[in-house]
Amino acid sequence: MDYRDEEQAKQEIFRKYKYALKGLRVDLGRPDVVEALDQCFEDFESILQRFILWAIYREQEDGKPLQYPSAGLIQAIKEEWKLRDKNAWSAEILSDPRFESPGTKWWKAAEDGLGRDTRNRLIADVVEENTSYVLFRNGLTLRLAVAMDWEWDQIRDYGERETRPQTGSLTQIFS
């Protein structure tokens, strides 16, 4: 595997755990955190899993959020924390509501705000890429940040908007 393939695989792993780290209040924009993540290649996924498990355990034991989650992640990377027992990790851990992406949170809120049937009728997908957006079934898109600021009536009106001119016979159009 060449460097680009390794980097791409690492990015996929990071995307998988990014919102769990954010949910634990790790500052992913902090220069020392970025540097530690960039320089970690060996057992990257195992280290992230071990840190997340440790952080959850500490929060449960202490009864409060971690005091220095970013420093904890840096320590885990530097000391190469690894899972001793591969069965300790479960994908279920990532289903904690704190670890949901903004798009998933908005999708769930849309069910409450619009109703499940209306949401499913109007909204095709929430795409979370460089610029996250809501894709409506009428072909329109709306930046997720804007959608989060709008009222549900505005979302409904936008999703029900006609995007194509009515087709009909020439006599109807010109009469």
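## A buried lysine and a one-sided helix

Let's start with lysine 10, which sits in helix 1 (residues 3-23). The structure you are looking at is a predicted model.

Is lysine 10 buried or exposed, and what is its nearest side chain of opposite charge? Lysine 10 is buried and has no salt bridge. The nearest side chain of opposite charge belongs to glutamate 7, 5.0 Å away, whereas a salt bridge would need the charged atoms within 4 Å. The lysine 10 side chain does reach the backbone oxygen of aspartate 38, at 3.0 Å. Here are these two distances from lysine 10:

| Partner of lysine 10 | Distance |
|---|---|
| Side chain of glutamate 7 | 5.0 Å |
| Backbone oxygen of aspartate 38 | 3.0 Å |

Asp38 is also among the residues in contact with lysine 10 once neighbours within four places in sequence are left aside; the others are Leu37, Gln39, Cys40, Phe41 and Phe44.

Now move along to helix 8 (residues 152-160), whose buried residues are Ile155, Tyr158 and Gly159. Viewed down the axis of helix 8, these buried residues fall within an arc of 95°, so they line one face of the helix. On the other side of helix 8, Asp153 and Asp157 are exposed. And what covers the buried residues of helix 8? The cover includes helix 5 (102-114), helix 6 (116-122) and helix 7 (144-149), along with strand 2 (133-136) and strand 3 (141-143).

Finally, a word on confidence. The chain has an average pLDDT of 88, and 91% of the residues score at least 70. Among the elements of the chain, helix 4 (residues 69-78) has the highest mean pLDDT, 96, and helix 9 (residues 170-174) the lowest, 49.

Key:
Residues are numbered from 1 along each chain as its sequence is written. This is a predicted model: local features need pLDDT of at least 70, side-chain atom pairs count only at pLDDT 80 or more; totals for chains, interfaces and linings use all residues. Side-chain values use heavy atoms; hydrogens and water are left out. Helices (H or I, at least four residues) and strands (E, at least two) are DSSP runs, numbered from the N terminus. Buried means under 20% relative accessible area, exposed over 50%, partly exposed in between (1.4 Å probe, protein chains only). Lys and Arg count as positive and Asp and Glu as negative; His and the chain ends are not counted. A polar contact is a pair of N or O atoms within 3.5 Å; within protein, one must be able to donate a hydrogen and the other to accept it, and residues adjacent in sequence count only if both atoms are side-chain atoms. Contact means heavy atoms within 4.5 Å. The arc is that of the directions from the helix axis to the C-beta atoms. pLDDT is the predictor's confidence in each residue, from 0 to 100.
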